[in-house]
Amino acid sequence: MHIVDGALSNPVVIGGAIASVGGIALGLRALDLDRIPTAGMLSASFFVASLIHVPIGPSSVHLILNGLAGLMLGWAAFPALFVGLLLQAVFFGFGGLTVLGVNAVNIAFPAVLAGLLIRPMIGRGTAVSGAIWGGIGGALAIALTTFMVAISLASSGDAFVPAAKLVFVAHIPVMVIEALLTGFAVLLARKVKPDLFFQSALA
Amino acid sequence: MTRALILLALLCAPLPALAHKVIAGVFASGSAIEGEIGLSNGEMAAGVEVIVTGPDGTELGRALTDADGFFIFTPTQPVRHDFRANLGAGHVANVTMPAGEVAQILGVAAQTQSPAPTAPATGPATGAPVLASLSPAERQVIAQIVRDEMRPLRREIAAYRERNDLQTILGGLGYIAGLFGIGFYMAARRKLSS
């Protein structure tokens, strides 16, 4: 999921950096006082989630949890995920500093998109139907992220279809796990703090 | 449903993990350059094409990794060798062997017009008196044995370097708490002053 330094061509890296600056600016504007603690929490969970490796056969994949951040924060997920990515790059060496912009866009933009599309559904209906929508949002964010990663690689010269297929198929288990996790998180949030989604839908 | 999910998960089993750092190394191996490419979780890159280029970007040759992620490349020119392998999905391995080391492999002096700054200062004379009684063939055999013995160690060191301990994680969490604390402080101040 994290593209490493040197894998992308310069125009893609620069384009990603510019896009991420725009996204962060939009996100900071959406980040009001009430939502800063939530953003911090989600940033921390994103940071740590990447260390949780889910063993699947001889291999393993790690969680991303960008869908959850997008559903709870909308545009404000952008700076939250950016901070998580920056610290992952510095502390764990995931990705790299030059490709930080591209990685931020690849991970945060699908989160924001999932948030904008799915969040209105989560506040509606019963808690269970909200949780199901939450699960769909969690899986959708990962699917879109794999798609964005494939686009980044394709615009740097890789063939699009095999790259997209490889990244997408490898992340199907992540999608399943994150759909369950996000679904349960939404279920819990709807029961414990129902205004989390109603209030954020207004902003 | 659960069965379908498990089946789905099993279907994905042989795919490479895409969430790891790329580890790559090259070292002298007799008259050839031996390299190793893999991911930080211990999985090696099998059947990956390694493209070797010189300092000016011209292609010097290609090599293919075996099942253990090893490849062998025989250099012909005493120049800096850049090894690049694309493992797919955004994972690219980049390693460089300086001209001095390549020259040692070839048994010729490094080209004086392009001195490699990173070339280690290993004079060929240091070990010579001790090894004087050994024939070149014997030396080759000893070098081969030492390399084989070193391989698991080298892998372990690479894995150790990739380990994320609790301290790092707590440090990162501390940074997040601090950053969002500062953000909270600034937002609160702005709200108070307005």
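**Why is it called that? Helices, crossings and contacts**

Tutor: Start with residues 68-91 of chain A: the span is 88% helix and 0% strand, with its end C-alpha atoms 23 Å apart. This is a predicted model, where local features need pLDDT of at least 70 and side-chain atom pairs count only at pLDDT 80 or more, while totals for chains, interfaces and linings use all residues. Residues are numbered from 1 along each chain as its sequence is written, and chains are lettered from A and ligands numbered from 1 in the order in which they are written.

Student: What makes a stretch a helix or a strand?

Tutor: DSSP runs do: H or I over at least four residues for a helix, E over at least two for a strand, numbered from the N terminus. Residues 166-189 of chain A come out at 96% helix and 0% strand, with end C-alpha atoms 34 Å apart.

Student: Where does UniProt put the "transmembrane region" feature in chain A?

Tutor: The unreviewed entry lists six stretches, including 68-91 and 166-189. Such annotations may be inferred rather than shown by experiment.

Student: Why are α3(A) and α5(A) called oblique?

Tutor: Helix α3 (residues 66-73) and helix α5 (residues 100-123) of chain A pack at about 55°, axes 7 Å apart. Angles under 35 degrees are roughly parallel, over 145 roughly antiparallel, 65 to 115 roughly perpendicular, and the rest oblique. The angle fits none of the named ranges, so the pair is oblique. Their crossing is right-handed, meaning the near helix is turned clockwise from the far one by less than a right angle.

Student: Which residues make that contact, and what kind are they?

Tutor: Among them are A:Leu71 and A:Leu73 of α3(A), and A:Ile107 and A:Arg119 of α5(A); contact means C-beta atoms, placed from the backbone, within 7 Å. The residues split into 11 nonpolar, four polar and one charged.

Student: How do α2(A) and α4(A) cross?

Tutor: At roughly 35°, with the axes of α2 (residues 36-49) and α4 (residues 77-92) of chain A coming within 8 Å. This crossing is right-handed. A:Phe46 and A:Phe47 in α2(A) are among the residues that meet α4(A), where A:Leu87 is one of the partners.

Student: Why is B:Ala143 partly exposed?

Tutor: Buried takes 20 or more other C-beta atoms within 10 Å, exposed 12 or fewer, and partly exposed lies in between. B:Ala143 has 13, so it counts as partly exposed. B:Ala143 sits in helix α4 (residues 136-161) of chain B, and its C-alpha is 9.9 Å from that of B:Ala28, 115 residues apart in sequence.

Student: How much of chain B is buried?

Tutor: 25% of its 194 residues.

Conventions. Axes fitted to C-alpha atoms, helices over the stretch in contact; angles between N-to-C directions. Contact = placed C-beta atoms within 7 Å. Nonpolar A, V, L, I, M, F, W, Y, C, P; charged D, E, K, R; others polar.
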